[in-house]
Amino acid sequence: MENLTGGTPPVRYLPCVVPCKLYFDAYQRTYIIESMDKTFLDVQYLYFFMDKYLETLRSQSIGGVIKYIKLGNLTEADIFIPSIERQREIVQILRKSRELISLRKQQLAKLDELVKARFVEMFGDFEVNPKEFPVYHLCELCDVGSSKRIYQEEQSISGIPFLKVADLNELID
């Protein structure tokens, strides 16, 4: 989740047991939302609501370089409130979903590492060329030239492959 200003996430859930001795850094326009009746509104349900309500807040943000929202943007937010039992069910489902997404991201990162390791194992390091593969300039193997601008709707899976400058930048990074 991104901040309207590009910094840390603006929506955080900080569990706190009464009496609360939770301290955190707060900056200008930091709003703390607490349920007035926890038997009517589950705070974690509110957290998930606010997480999705972020797009609405983003459209309401004001300011020049640093965007912010007014307190009224929060106090006037309409929120659907199912029964407290249903709120807790929703929270459990969403927490489990986030956990699964996090685990999948970790799995994909490990698979990406595996692919890179296998590539180096098979072909060696390009800088050192330990397998002593013959080296050619790309222009010796391919016709390299510029073309007309190719819009996304014109792209297809078949045909002549091409690299955009953005593709090359991603490879360099």
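**Salt bridges, core and aromatic cluster of a predicted helical chain**

The count of salt bridges comes to 6, a salt bridge being a side-chain nitrogen of Lys or Arg within 4 Å of a carboxyl oxygen of Asp or Glu. The structure is a predicted model, in which local features need pLDDT of at least 70 and side-chain atom pairs count only at pLDDT 80 or more, while totals for chains, interfaces and linings use all residues. Residues are numbered from 1 along each chain as its sequence is written, and side-chain values use heavy atoms, with hydrogens and water left out.

The protein chain has 5 helices and 0 strands, where helices (H or I, at least four residues) and strands (E, at least two) are DSSP runs numbered from the N terminus. Along the sequence the pattern of the protein chain reads α-α-α-α-α. Of the 173 residues of the protein chain, 16% count as buried; buried here means under 20% relative accessible area, exposed means over 50%, and partly exposed covers the range in between (1.4 Å probe, protein chains only). The protein chain exposes about 15,400 Å², of which carbon and sulfur atoms supply 58%, the accessible areas coming from the Shrake-Rupley method with a 1.4 Å probe and, for residues, with only the protein chains shown counting as cover. Among contacts (heavy atoms within 4.5 Å) in the protein chain between residues at least 6 apart in sequence, 59% join residues at least 24 apart.

Among the salt bridges is that between the side chains of Arg88 and Asp42, with an N to O distance of 3.5 Å. This pair links distant parts of the chain, since Arg88 lies in helix α3 and Asp42 in the segment before α1, 46 residues apart. Arg88 is partly exposed, with a relative accessible area of 42%, whereas Asp42 is buried at 14%. Within helix α3, the side chains of Lys96 and Glu99 meet in a salt bridge of 3.7 Å, N to O, and, being 3 residues apart in that helix, Lys96 and Glu99 are separated by about one helical turn. Lys96 counts as partly exposed at 44% relative accessibility, and Glu99 counts as partly exposed at 43%. A further salt bridge joins Asp112 to Lys116, whose closest N and O atoms are 3.2 Å apart; these two residues are 4 apart in helix α3 and are therefore separated by about one helical turn. Asp112 is partly exposed, with a relative accessible area of 40%, while Lys116 is exposed at 53%.

In soluble globular proteins, nonpolar side chains tend to be buried together. The largest nonpolar core, in the sense of a set of buried Ala, Val, Leu, Ile, Met, Phe, Trp, Tyr and Cys residues joined through side-chain atoms within 4.5 Å, has 13 residues, of which Leu46, Phe49, Met50, Tyr53, Leu57 and Leu74 touch the most other members. Helix α1 (residues 43-60) gives the most to this core, with 8 residues. When residues up to four places away in sequence are not counted, Tyr53 touches Gln60, Asn73 and Ala77.

The count of aromatic pairs comes to 5. Phe119 and Phe123 have ring centres 4.8 Å apart and planes at 45 degrees, so the pair is tilted; rings of Phe, Tyr and Trp (its six-membered ring) pair if their centres lie within 6.5 Å, and planes under 30 degrees apart count as stacked, over 60 as edge-to-face and the rest as tilted. Phe119 and Phe123 are 4 residues apart in helix α3 (residues 84-123) and are therefore separated by about one helical turn. Phe119 is partly exposed, with a relative accessible area of 36%, and Phe123 is partly exposed, with a relative accessible area of 36%. Ring pairs link Phe119, Phe123, Phe126 and Phe133 into a cluster.

These four residues recur on the surface, where Phe119, Val120, Met122, Phe123, Phe126 and Phe133 form a nonpolar patch with about 600 Å² of accessible area together. Such patches are made of residues with over 30% relative accessible area and no salt bridge, like charges being joined within 9 Å and nonpolar side chains (Val, Leu, Ile, Met, Phe, Trp, Tyr) within 5 Å. Met122 lies in helix α3 and is partly exposed, with a relative accessible area of 46%.

Two residues in the loop between α3 and α4 have a positive phi. Asn129 has a phi of about 55 degrees although it is not a glycine, and its place is in the loop between α3 and α4 (138-141). Glu132, found in the loop between α3 and α4, has a phi near 55 degrees, a positive value in a residue other than glycine, and is exposed, with a relative accessible area of 69%.
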